[in-house]
2 protein chains.
Amino acid sequence: MSASLQIGLLVFPKVTQLDLTGPLQVFSSVPGAKVHLIWKRIEPVPSDSVLTLTPTVTFADCPQLDVICVPGGAGSDDMVNDEEMLDFLRRQAKAAKYITSVCTGSLVLGAAGLLRGYRAATHWTAMEFLEPFGATPTKTRVCIDRNRVTGGGVTAGIDFALTLVSLLVDRQTAEAIQLRLEYNPAPPFNAGSPDAAPPEILAVMKERIAVTQPRRSEAIRRAAARLTS
Amino acid sequence: MSASLQIGLLVFPKVTQLDLTGPLQVFSSVPGAKVHLIWKRIEPVPSDSVLTLTPTVTFADCPQLDVICVPGGAGSDDMVNDEEMLDFLRRQAKAAKYITSVCTGSLVLGAAGLLRGYRAATHWTAMEFLEPFGATPTKTRVCIDRNRVTGGGVTAGIDFALTLVSLLVDRQTAEAIQLRLEYNPAPPFNAGSPDAAPPEILAVMKERIAVTQPRRSEAIRRAAARLTS
């Protein structure tokens with residue numbers, strides 16, 4: 001293992017690509033960091049959009065990581081019951097400095113048994129699914145509990161990654177990256193959280209979630225049962 | 001050409017991947033939109049990080065686009081003198097509804113002659129390079145001038161894309177996407193613009209830029225000379 005910082009982002013089918021690419025942009029700017037995109041095999045993996053993600057290293061060949069980061073998305077519903085993924089996370093977690101996630105990636109950490117007794121963030125639509133894994137859901141954009149650092153939904157990954165860089169290296173390094181990425185956000189509308197969004201927008205989103213939620217519920221139920229058995 | 005909205009993002013070597021992946025996440029959520037990743041050939045293209053980007057369509061096979069979007073990054077210094085890229089943009093621009101960019105992608109639009117007489121945004125380090133193309137640099141995060149919609153540096157691409165969706169479709173659609181992406185940003189530090197950043201952070205960034213700026217200057221000089229000849 002080299003002296004450089006080893007940062008690994010997990011890749012999987014139907015990952016929400018911005019959950020991964022936001023933090024990736026931040027981590028890639030850390031001096032001396034080596035960033036890995038990790039999956040079972042080196043083959044293009046479809047994301048939630050037309051973008052395919054090509055892993056740089058397999059589970060088998062991945063060096064010990066200083067930072068493990070699990071992004072989220074629809075595909076996390078499969079990952080919570082993927083023993084190969086969960087075994088990889090458990091193995092890496094033993095010696096990693098930080099065990100982290102963005103969006104529903106925290107459900108995968110939970111399914112690996114890595115959030116029991118920890119506070120954690122997740123996408124606003126998935127808060128109820130942390131408790132079956134013994135985690136305490138928190139509505140913050142970035143949640144730090146000892147060495148578990150978890151981000152909220154999708155774009156929270158940028159806030160999460162800058163926070164993590166300040167912990168890993170220092171505040172000045174994080175600020176220099178923020179300036180380089182011109183991260184001075186100015187959302188054109190005020191609809192970025194369930195509390196802020198206009199009621200009719202929230203209602204539309206809740207209708208859409210109602211369609212996918214039973215599948216997620218069932219996946220989480222199975223994952224939680226396996227964890228406690 | 002189908003009735004759906006055709007949105008094309010240009011891919012090129014050394015693109016800053018978040019310039020592309022931020023808007024891609026937003027555009028991919030637009031009902032009925034078909035999103036294309038466009039390059040000369042269908043082959044993995046290296047970004048500025050370990051992520052490779054695989055185009056979905058070539059210049060030759062790309063349908064007429066409703067939206068052209070050029071991301072930025074170090075690679076844009078090559079693209080401003082890449083006749084194949086510039087020809088593609090000029091050809092598409094004739095019938096596109098919106099001609100857009102993120103970060104230094106606006107320099108490539110400028111080099112194609114598509115910003116003459118327009119106001120435009122770009123990365124804060126590249127403001128001076130818009131003028132040689134007859135564009136007026138503006139320090140806004142999103143700049144709308146008739147059908148040219150240009151974003152500032154890197155993360156401005158998310159604000160840009162939500163704004164563009166509100167123009168292309170409607171505000172409600174943009175707000176629903178904002179809620180889905182939980183885009184309620186809370187940067188942990190206040191260093192995201194040259195005006196806000198601590199002086200010592202700005203000084204470090206300016207030192208780094210001084211190293212790459214001569215190459216960019218020379219590329220822009222050549223591109224501007226070609227445009228006016």
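The charges of chain A come first. Chain A carries 23 positive and 22 negative charges, and their mean positions lie 4 Å apart. These values, like the others here, come from a predicted model. The exposed surface of chain A is about 8,200 Å². Carbon and sulfur atoms supply 53% of that surface.

Next, the overall build of chain A. Its secondary structure comes to 7 helices and 11 strands. Along the principal axes, the C-alpha trace of chain A spans about 50 × 45 × 35 Å. The radius of gyration of chain A is 17 Å, which agrees with the value near 17 Å for a compact globule of 229 residues. Of the 229 residues in chain A, 64% are buried. Contacts can also be sorted by sequence separation. Take those in chain A between residues at least 6 apart in sequence: 66% of them join residues at least 24 apart.

Now bring in chain B. How many residues of chain B are in contact with chain A? The count is 59 residues of chain B, touching 59 residues of chain A. The size of an interface is often given as the accessible area lost when the parts come together. Between chain B and chain A, the buried area is about 5,200 Å². Carbon and sulfur atoms give 63% of this buried area. Three residues stand out on the chain B side: B:L179, B:E182 and B:F189. Together they supply 15% of the area that chain B buries against chain A, more than any other three residues.

One residue on chain B shows contact across the chains in detail. B:I201 sits in helix α7 of chain B, which covers residues 199–228. Leaving out residues up to four places away in sequence, B:I201 touches A:Q172, A:E175, A:A176 and A:L179. Is B:I201 buried or exposed? B:I201 has a relative accessible area of 4%, so it is buried. Within its own chain, B:I201 is 10 residues along from B:A191, and their C-alpha atoms are separated by 8.1 Å.

Helix α1 deserves a look in both chains. In chain B, α1 covers residues 17–27, and 11 of its 11 residues are buried. Among them are B:Q17, B:D19 and B:Q25, along with B:L18, B:L20 and B:F27. What do the buried residues of α1(B) pack against? From chain A come α1 (17–27) and α5. From chain B come β1 (5–10), β2 (33–39), α5 (156–168) and α6 (171–180).

Turn to α1(A). Here too, 11 of 11 residues are buried. They include A:D19, A:P23 and A:V26. The cover over α1(A) includes β1 (5–10), β2 (33–39), α5 and α6 (171–180) of chain A. Chain B adds its own α1 and α5 to that cover.

B:P23 gives a close view of helix α1 in chain B. B:P23 is buried, because its relative accessible area is 0% and the cut-off is under 20%. Setting aside neighbours within four places in sequence, B:P23 is in contact with B:L9, B:L18, B:V102, B:G157, B:F160 and B:A161. B:P23 and B:P71 are 48 residues apart along the chain, and their C-alpha atoms are separated by 9.2 Å.

B:A120 offers another buried site. B:A120 is found in strand β8, residues 119–120 of chain B. Its relative accessibility is 0%, so B:A120 counts as buried. Not counting residues up to four places away in sequence, B:A120 touches B:L115, B:L130, B:T136, B:P137, B:T138, B:C143 and B:T150. B:Q172 lies 52 residues from B:A120 in sequence and 26 Å from it in space, C-alpha to C-alpha.

Two loop residues close the tour, each with a backbone angle to check. Phi of A:V154 is near 35°, a positive value in a residue other than glycine. A:V154 lies in the loop between β11 (148–151) and α5 (156–168) of chain A. A:V154 counts as buried, at 4% relative accessibility. On chain B, look at B:C103. Its phi is near 60°, again positive in a residue other than glycine. The loop holding B:C103 runs between β7 (98–101) and α4 (105–111) of chain B. B:C103 counts as buried, at 4% relative accessibility.

Conventions
Residues numbered from 1 in each chain as written. Chains lettered and ligands numbered in written order. Predicted model: local features only at pLDDT ≥ 70, side-chain atom pairs only at ≥ 80, totals over all residues. Heavy atoms only, no water. Helix = DSSP H or I, 4+ residues; strand = E, 2+ residues; numbered from the N terminus. Buried < 20%, exposed > 50% of the residue type's maximum accessible area, 1.4 Å probe, protein only. Rg over C-alpha atoms; globule rule 2.2 N^0.38 Å. Contact = heavy atoms within 4.5 Å. Areas by Shrake-Rupley, 256 points an atom, 1.4 Å probe, with all protein chains shown as cover. Lys, Arg positive; Asp, Glu negative; His and termini not counted. Charge placed at Lys NZ, Arg CZ, Asp CG, Glu CD. Buried area = accessible area lost by both parts, 1.4 Å probe.
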